[in-house]
Amino acid sequence: RFAAALAGPLESVSSGDIMRRPLVAGNWKMNGTVTSVDALVTGLVSADSPSCELLVCPPSVFLAQVRAGLSVAGHEEEIGLGAQDVSQHESGAFTGENSADMLVEFGCRYVLIGHSERRQYHGESDEAVAAKVERCLAVGLRPIVCIGETLEQRRNGSMLAIIAQQLGALAQTVAREDWGRFDIAYEPVWAIGTGESASPEQAQEVHAMVRSTITDHGDSEDCTRILYGGSVNDDNAKALFEMADIDGALVGGASLNVQSFISIAESAG
Ligand code: PGA
């Protein structure tokens, strides 16, 4: 039961035969209390492990509690720990921030970077996102880089140009050989927290474009997973995962409910 879970993203790849191990990640955002986090972790470690890779990204103030809960239950290998943001700087006078080194030392495997809420409310530019990615790669932390268009951009036909621009900033800073060392989450802004997921076909159109961009810029497209995020739930997950270029999900609201999160993970296979 644990063998598949122990394999990281790279172990699943066999050359010439694309096998990107699906990843289902929970973005808890700024939710939870000590009590509710305990209940969530207890629920997660009691559930049967799905064969996909599982990741939880709690608010940083709860990282220690989640890590402790997972390790007491012996699940720290099976359920990865990630942060929701990271500083682009190495260390120093950056009040309120956590460095990539700190997250690695603490035991985080992943970090979300450039979530649309960070871009919208904290003014994170594509360049800042790329700088954060670079910092993480320097210390061996695997970023999940969030990209996506607004409703207005989709309506005015600039969707693919926006996605290309967001990925283009990465291409400026990330070396060719490092393109297999992060994952991407396509999250259309209009689908986040709205209950209105992109249809599998709408998501696949963008994922296919992202896949070909990865192939253009990097040497290792087989290692970069492209997750879909935006109102994923246990009803719509299966159809999304059936698309050729959807390698998992970044789940917000539904990740706060153990049954929903596990059921989404089960449909990822
Ligand atoms: P949602 O959030 O699943 O609640 O739409 C997804 C996200 O923002 O990562």
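Analyst: Let's start with a term: a polar contact is a pair of N or O atoms within 3.5 Å; within protein, one must be able to donate a hydrogen and the other to accept it, and residues adjacent in sequence count only if both atoms are side-chain atoms. Keep in mind that this is a predicted model, where local features need pLDDT of at least 70 and side-chain atom pairs count only at pLDDT 80 or more, while totals for chains, interfaces and linings use all residues. Residues are numbered from 1 along each chain as its sequence is written, and side-chain values use heavy atoms, with hydrogens and water left out.

User: What makes the S231 pair with the ligand a polar contact?

Analyst: A backbone N or O atom of S231 sits 2.7 Å from a ligand oxygen atom. The cut-off is 3.5 Å, so the pair counts. G193 also uses a backbone N or O atom, at 2.6 Å from an oxygen atom of the ligand. K29 instead brings a polar side-chain atom, 2.7 Å from a ligand oxygen.

User: What is unusual to look at in the backbone of K29 and S231?

Analyst: K29 has a positive phi of about 50° although it is not a glycine, and S231 has one of about 60°, again without being a glycine.

User: Why is α8 called roughly parallel to α9?

Analyst: Helix α8 (residues 159-173) and helix α9 (residues 200-217) pack at about 30°, with axes 11 Å apart. Roughly parallel means under 35 degrees (over 145 is roughly antiparallel, 65 to 115 roughly perpendicular, the rest oblique), so α8 earns that label relative to α9.

Definitions and conventions
Axes are lines fitted to C-alpha atoms, for helices over the stretch in contact, and angles run from 0 to 180 degrees between N-to-C directions. Helices (H or I, at least four residues) and strands (E, at least two) are DSSP runs, numbered from the N terminus.
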